[in-house]
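The following dialogue examines the terms used to describe a protein model. Each answer sets a value against its definition.

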Amino acid sequence: MVINVPNLRFVSFDDELSVDSFFHIFRMLPNCTFSRDQLNYKQGDFKNVHYGDVLIRYPTFKNGADLDIPSINDNESLPSKHVVLHDGDLVIADTAEDYTAGKAIELYNTTNQNILSGLHTIPCRPKLPFAPGYLGYYFNSVAMKRKQHPLIQGIKVYSLSRESLMSLSISYPSIREQNKIASLLLRIDERIEVQNKIICSIESLIKGISNHYFQNIKCKWINLKTLRENDVIQLKRGNVIPKHCKDTKYCYPVYSSSIVNNGLLGYSNSYMFDSELVSWSIDGGGNFFYRDKHKFSITNVSGYIVLKETFDYRFVYECLSFQFKKFNFDYQTKAHPSVIETLYSLPDISIHDQLVLVHIMKPFYEKAKIEASFLKQLKKQKQFLLSNLFI
């Protein structure tokens, strides 16, 4: 009876996978501890992979020549035992605010790049030959996450130690099968990247139309504080809401302050709204979000605007987003309602004139929504493969 096999395989592969310990397959390398303020994107002899970029920005299979890998400032001294990373090396983020600790990238095209592994990372070099890309996808698979979760420790900050990694068992097929798996997932990632560019181009077009409109509008602008005092709008904060994974009970989206994934934090078994809304991030830099009509909630690190019929939600979102670029919010500045209402204004025009702009942009909104839905399906397909191609 064949036991050690994944749920999904390519045709002609039916042998069991090899199994060995992390200790026997990888050699751990030293990392550096440079903080963000010791790095730059202009020049430097050595690049540095930061754990925050591994967690959020970088794809699984990372090109070492990419310009978004920062350099170490020339006035910083390198550790005496630093090791330059090679093709096929893994960089594992050992710390995160949630169970994404353990997320990894695999590097390629590293020749002459002088890449070092940075703060809160565990660089690993395989002792055995593996197909390019396979280890990166394997370490981000559902099977590997299931193995890592019992090893992750922490309450507010979650960490994965070098010692705990040593106890992991690593399963892998033949090089030929590894190549097929990595090639398939890489093609999906490339298609996801193309889809992201399509969505960005539509969003850029929407932004261009909106900017042109508000730059040339001829009317009086009214401060949000005045509108609030006249009971035309309300500025409020969300509630403290624990996050849960989506299931039959917890099915209503909860949005927070992050700009990642449109601010989606998790899910709840109840909801605050079943309507359109404009929200913004209080703790996340002041970014604005348009929420179309559905059942959802907003956390306490987000604010939201309630409008009377004299204003359209989509119009107000576009107007506030247009003004947002004028202000230099950062992640230390709190965009409380009392701050927002003094900075932003709305044009004093009729609801009819507001809807003219909204209707002009409606086809672009709908196109963006269709493309976003397709992107979601691509990601769902990738997640299915990551759940079934590995053990």
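Q: What share of the residues of the protein count as buried, and what makes a residue buried?
A: Of the 391 residues of the protein, 47% count as buried. A residue is buried under 20% relative accessible area, exposed over 50% and partly exposed in between, with a 1.4 Å probe and protein chains only. The model is predicted: local features need pLDDT of at least 70 and side-chain atom pairs count only at pLDDT 80 or more, while totals for chains, interfaces and linings use all residues. Residues are numbered from 1 along each chain as its sequence is written, and side-chain values use heavy atoms, with hydrogens and water left out.

Q: Why is S302 called buried?
A: S302 has a relative accessibility of 2%, and the limit is under 20%, so S302 counts as buried.

Q: Which residues does S302 touch, and what makes two residues a contact?
A: Contact means heavy atoms within 4.5 Å. Not counting residues up to four places away in sequence, S302 touches K236, R237, G238, Y255, S256, S257, W280 and I282.

Q: What makes a stretch such as the one holding S302 a strand?
A: Strands are DSSP runs of E with at least two residues, and helices are runs of H or I with at least four, numbered from the N terminus. S302 is found in strand β20, residues 302–307. The protein as a whole has 10 helices and 21 strands.

Q: How do you know that β7 and β9 pair?
A: Two strands pair if DSSP finds at least two bridges between them. Strands β7 (residues 90–93) and β9 (residues 104–108) have 3 bridges in the antiparallel sense, so the condition is met. L90 stands opposite E106 in β9.

Q: What makes β2 and β5 edge strands?
A: Strands β2 (26–28) and β5 (61–63) each pair on one side only. They belong to an open sheet of 5 strands with mixed pairing, in the order β2-β11-β7-β9-β5.

Q: Where does V232 lie, and which residues does V232 touch?
A: V232 lies in the loop between α7 (224–229) and β15 (233–237). Leaving aside residues up to four places away in sequence, V232 touches L227, V306, L307, K308, T310 and F311. The C-alpha atoms of V232 and L307 are separated by 6.6 Å, although these residues are 75 apart along the chain.

Q: What share of the contacts between residues at least 6 apart in sequence join residues at least 24 apart?
A: In the protein, that share is 75%.
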